[in-house]
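The exercises below invite you to read a protein model step by step. Keep the sequence and the structure side by side as you work through each task and its solution.

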Amino acid sequence: MNEIERIMIMLLQNQETTDPKTYVITGATSGIGLEAAKMLILLNPLNRLFLVGRNEQKAQIVAKEVASVLPRQRRRYPHYCDHHIIPIVCDHSSFTSVREFAVELQRKLEATYNRSIQGPTNGIDVLCLNAATLRPKDVPAEFTQDDLEVTFQTNHLSPLLLVNLIYPQLNRGGRVVVTTSGLYVTQTLELNGIPVDARTDRAITKERFETANDVEYYCKSSYAFSKLCNVAMAVELEERLRPRGITVSSFSPGLITQTGLFRHHRDVLPFKRTRDLMLNEKTVSWGAGALVFMATSRTVGMYGGGTFWQDQGSNKGPASVYGNDFGPSPVSESHITLEGRKRLWSLSCDLAGISETMMPPPPSALSALDSYSPVPSLQAVGDY
């Protein structure tokens with residue numbers, strides 16, 4: 001039995017339902033996003049997949065690649081057609097592109113709706129916020145057309161804007177899955193680098209800053225801080241979307257060096273790989289399976305939202321088992337305080353050009369965080 005077959009068996013045995021679902025996957029043109037899309041269409045060829053790419057060409061290519069995994073099964077599914085696999089464009093380094101994506105997604109949801117397959121509700125069942133970037137080493141901070149540092153906008157601000165724009169399309173009982181990293185525990189949620197108007201206490205837009213936490217810019221630490229923001233955003237989203245019956249969780253796919261994320265860092269990776277890290281290194285297929293597990297499994301459904309999932313130090317590499325070796329960890333309040341999380345949401349909405357109440361705030365100010373002790377060390381979670 002090869003790795004893909006083993007992963008598919010685990011996913012099939014643990015899926016919450018066999019009914020067709022609608023998935024939106026950002027970062028779908030390569031790495032775990034692409035492989036996860038293939039697994040979702042293998043789980044059910046009637047699943048409707050919106051595959052998000054940075055440009056039209058990439059999105060079209062990936063849609064054809066995902067459709068190609070089912071040539072033999074089309075005869076078994078009379079309703080199947082390539083219209084279930086829909087390419088769509090969103091460049092996370094541009095707020096304009098994110099806004100255009102939200103409009104186009106609504107149009108394509110209506111254009112591809114089939115009541116006999118999707119049922120009476122035409123919306124999104126699972127939103128997978130998977131797009132991310134890790135900038136080249138030894139390169140100064142780069143800025144987008146919105147005058148924001150590329151990593152912070154691509155990995156945090158644009159996903160936050162995106163979910164605020166499209167959350168009305170999320171179906172009750174749906175999920176939001178945020179791909180993040182165990183590296184978040186190397187950071188604390190300090191936001192002193194974001195310029196703030198002393199009179200209004202709101203973030204000042206169009207005033208450049210290299211890092212939100214006011215430390216010297218370095219590509220890997222900026223990436224890790226953006227992943228901390230992802231975890232904090234997921235907890236905040238869970239509180240805001242829970243009244244709509246939607247759960248939000250984040251997860252780490254593990255250390256996967258063979259993805260586009262590491263394309264600028266391959267020359268240094270061999271010197272960073274300790275024995276522990278090598279034991280925990282994952283494959284693209286395993287990481288993709290973890291994303292699909294988060295999106296489809298009844299185990300994740302039973303735990304509900306607000307948790308961070310990762311390999312619990314199994315030292316099994318890609319042989320670790322979803323729902324067993326890979327499981328939930330309460331989010332550490334020593335790294336993400338309630339006050340810090342609320343402040344991040346407020347300032348991030350300012351920078352993205354939306355109201356912090358565009359998505360209704362949670363019904364109470366109670367924290368969804370549980371203390372977590374001991375906090376995993378960097379050596380335990382690895383460089384991912």
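What percentage of the 384 residues in the protein do buried residues make up? Buried residues make up 56% of the 384 residues, where buried means under 20% relative accessible area, exposed means over 50%, and partly exposed lies in between, with a 1.4 Å probe and protein chains only. The model is a predicted one, in which local features need pLDDT of at least 70 and side-chain atom pairs count only at pLDDT 80 or more, whereas totals for chains, interfaces and linings use all residues. Residues are numbered from 1 along each chain as its sequence is written, and side-chain values use heavy atoms, with hydrogens and water left out.

**Exercise 1. The overall plan**

Task: state how many helices and strands the protein has, and how its contacts are spread along the sequence.

Solution: The secondary structure comes to 13 helices and eight strands; these are DSSP runs numbered from the N terminus, with helices being H or I of at least four residues and strands being E of at least two. For the second step, take contact to mean heavy atoms within 4.5 Å. Among contacts between residues at least 6 apart in sequence, 79% join residues at least 24 apart.

**Exercise 2. The sides of helix 3**

Task: check the length of helix 3, then work out where its buried residues lie.

Solution: Helix 3 runs over residues 56-67, and at 1.5 Å a residue its twelve residues should span 16 Å, the expected span being 1.5 Å times one less than the number of residues. The end C-alpha atoms of helix 3 are 17 Å apart, which agrees. Next, list the buried residues of helix 3, which are Ala59, Val62, Ala63, Val66 and Ala67. They cover an arc of only 135° around the axis, which puts them on the same side of helix 3; the arc is that of the directions from the helix axis to the C-beta atoms. An α-helix has 3.6 residues a turn, so residues three or four places apart point the same way. The face of helix 3 turned away from its buried side carries the exposed residues Gln57 and Lys64. Finally, look at what covers the buried residues of helix 3: this includes helix 2 (31-43), strand 2 (48-53) and strand 3 (85-89).

**Exercise 3. Helix 1 and its neighbours**

Task: find the buried residues of helix 1 and follow them to the elements they pack against.

Solution: In helix 1 (residues 3-14), twelve residues should span 16 Å at 1.5 Å a residue, and the end C-alpha atoms are 17 Å apart, which agrees. Ile7, Met8, Met10, Leu11 and Asn14 are buried in helix 1. They cover an arc of only 160° around the axis, which puts them on the same side of helix 1. The buried residues of helix 1 pack against helix 2, helix 10 (284-296) and helix 11 (298-303). Within helix 11 sits Thr299, which is buried, with a relative accessible area of 13%. Leaving out residues up to four places away in sequence, Thr299 touches Asn14, Phe293 and Trp309.

**Exercise 4. Two crossing helices**

Task: describe how helix 7 and helix 12 cross, and which kinds of residue make their contact.

Solution: The axes of helix 7 (residues 219-241) and helix 12 (residues 338-352) come within 10 Å and cross at roughly 90°. Axes here are lines fitted to C-alpha atoms, for helices over the stretch in contact, and angles run from 0 to 180 degrees between N-to-C directions. Helix 7 and helix 12 are therefore roughly perpendicular to each other, a description used for angles of 65 to 115 degrees. Their contact is made by residues including Cys229, Ala232 and Glu236 of helix 7 and Arg341, Leu344 and Trp345 of helix 12. The residues of this contact divide into seven nonpolar, no polar and five charged, with Ala, Val, Leu, Ile, Met, Phe, Trp, Tyr, Cys and Pro counted as nonpolar, Asp, Glu, Lys and Arg as charged, and the others, Gly among them, as polar.

**Exercise 5. A buried arginine**

Task: decide whether Arg48 is buried or exposed, and name some residues around it.

Solution: Arg48 has its place in strand 2 and is buried, with a relative accessible area of 0%. Arg48 and Ile85 are 37 residues apart in sequence and 6.0 Å apart in space, C-alpha to C-alpha. Leaving aside neighbours within four places in sequence, Arg48 is in contact with residues including Lys21, Tyr23, His84 and Asn122.

Technical notes: Parallel < 35°, antiparallel > 145°, perpendicular 65-115°, else oblique.
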